[in-house]
Amino acid sequence: MQIEDSVVVITGAGSGIGKALAAAFTAAGASVVAGDIDAQAAAAAATEIGGKAIGVGADAATIDGVATLLEAARSTFGPVDIFVANAGIIGAPELGSDADWDRVLDVNLRAHVRAADALIPEWTARGSGHFVSVASAAGLLTQIGAAGYAVTKHAAVGFAEWLAITHGDDGIGVTVVCPMGVATPLLDAIVDSTDDTARVAAASITTAGEVLSADDVAAATLAGVRDGTFLVLPHPGVLDMYRGKGADYDRWIAGMRRYRRALHENAHTAG
């Protein structure tokens, strides 16, 4: 996929990975709509990035929010070439409530479905387009402590697979990005949480491997889009973990249970 002169919409671009992606796409010659539910953060990010970047406040988890972002792109720059579904939340610790599940499903999964639903007809008619799903290594492995996050990230990966299989012959590219720990406000929030379960979830991320910068993830993502790569793993070690999981699922489950126990024991000792 050619990035130079393309029109890109990125959700959750007010901070973290989304902001880094907006900066990287802009630097590569794209026109970028940096969307965020926090309109001030979106505007500030676009101002800081400069170039052909505009900030738009919208809730990408809603049909109206997606429409707002796409219309801003079309009216300012032209038809959308690349959509980056990056906005995400960790959700509630453990199982959470029905309301918690509604929100995490809306943000981490339905936002992707709603964006694809709005763009696929146009892209199919044009014979080109690229959908980027910023998921997580949790979508290939799991997430200790947050059921909603683990389940919705698995679902995001599954939806990206479906898109690639169903619309690849229509000229539509799909890239799914699955990093482990990344230094972002989302990770900071659970590291600093007063909830014991959230802190254990944070420890499971920070101790699993190197915590990368958002810029590292953005660079890997752009390379994947350019090359038409489906699965982008900013942490290469995730591939070995994923292979190990598939090779012996029972052994992997047992190992994750031991890891979870150790994290809780360490948290109790530290407390």
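**Exercise 1. Which handedness does the crossing of H3 and H4 have?** Work it out on the predicted model.

Solution.
- Step 1. Locate the pair: helix H3 covers residues 63-76, and helix H4 covers residues 98-126.
- Step 2. Check the approach. The two axes come within 8 Å.
- Step 3. Read the angle. The axes cross at roughly 45 degrees. That makes H3 oblique to H4, because angles from 65 to 115 degrees would count as roughly perpendicular and those under 35 as roughly parallel.
- Step 4. Assign the hand. The crossing of H3 and H4 is right-handed.

**Exercise 2. List the residues through which H3 and H4 meet, and sort them by character.**

Solution.
- Step 1. Take the H3 side: Ile63, Val66, Leu70 and Arg74.
- Step 2. Take the H4 side: Arg114, Ala115, Ala118, Leu119 and Glu122.
- Step 3. Sort them. The contact has 6 nonpolar residues, 3 charged ones and no polar ones.

**Exercise 3. Lay out the sheet and find its edges.**

Solution.
- Step 1. Write the strand order. The open sheet has 7 strands, ordered E3-E2-E1-E4-E5-E6-E7. Its pairing is parallel.
- Step 2. Go to the ends of that order. Strand E3 (53-57) and strand E7 (231-232) stand at the edges. Each has a single partner strand, so one side of each lacks a neighbour in the sheet.
- Step 3. Zoom in on one pair. Strand E5 (residues 129-134) and strand E6 (residues 172-177) run parallel, joined by 6 bridges. For Ser133, the bridge partner in E6 is Val176.

**Exercise 4. Which strands do H4 and H8 touch, and at what angles do these helices run?**

Solution.
- Step 1. Start with H4. This helix packs on the sheet and touches strand E4 (82-85), E5 and E6. The direction of H4 makes about 165 degrees with that of E5.
- Step 2. Move to helix H8 (residues 214-227). It packs on the sheet too, touching E4, E5, E6 and E7. The direction of H8 makes about 155 degrees with that of E6.
- Step 3. Classify. Angles over 145 degrees count as roughly antiparallel. H4 is therefore roughly antiparallel to E5, and H8 is roughly antiparallel to E6.

**Exercise 5. Where do Asp5 and Glu94 lie, and are they buried, partly exposed or exposed?**

Solution.
- Step 1. Recall the background. Most residues other than glycine have a negative phi.
- Step 2. Take Asp5. Its phi is positive, about 70 degrees. Asp5 sits in the segment before strand E1 (7-10). With a relative accessible area of 59%, Asp5 is exposed.
- Step 3. Take Glu94. Its phi is also positive, about 55 degrees. Glu94 lies in the loop between E4 and H4. At 38% relative accessibility, Glu94 is partly exposed.

Technical notes. Residues numbered from 1 in each chain as written. Predicted model: local features only at pLDDT ≥ 70, side-chain atom pairs only at ≥ 80, totals over all residues. Heavy atoms only, no water. Axes fitted to C-alpha atoms, helices over the stretch in contact; angles between N-to-C directions. Helix = DSSP H or I, 4+ residues; strand = E, 2+ residues; numbered from the N terminus. Left-handed = near helix turned anticlockwise from the far one by under 90°. Contact = heavy atoms within 4.5 Å. Nonpolar A, V, L, I, M, F, W, Y, C, P; charged D, E, K, R; others polar. Pairing = 2+ DSSP bridges. Buried < 20%, exposed > 50% of the residue type's maximum accessible area, 1.4 Å probe, protein only.
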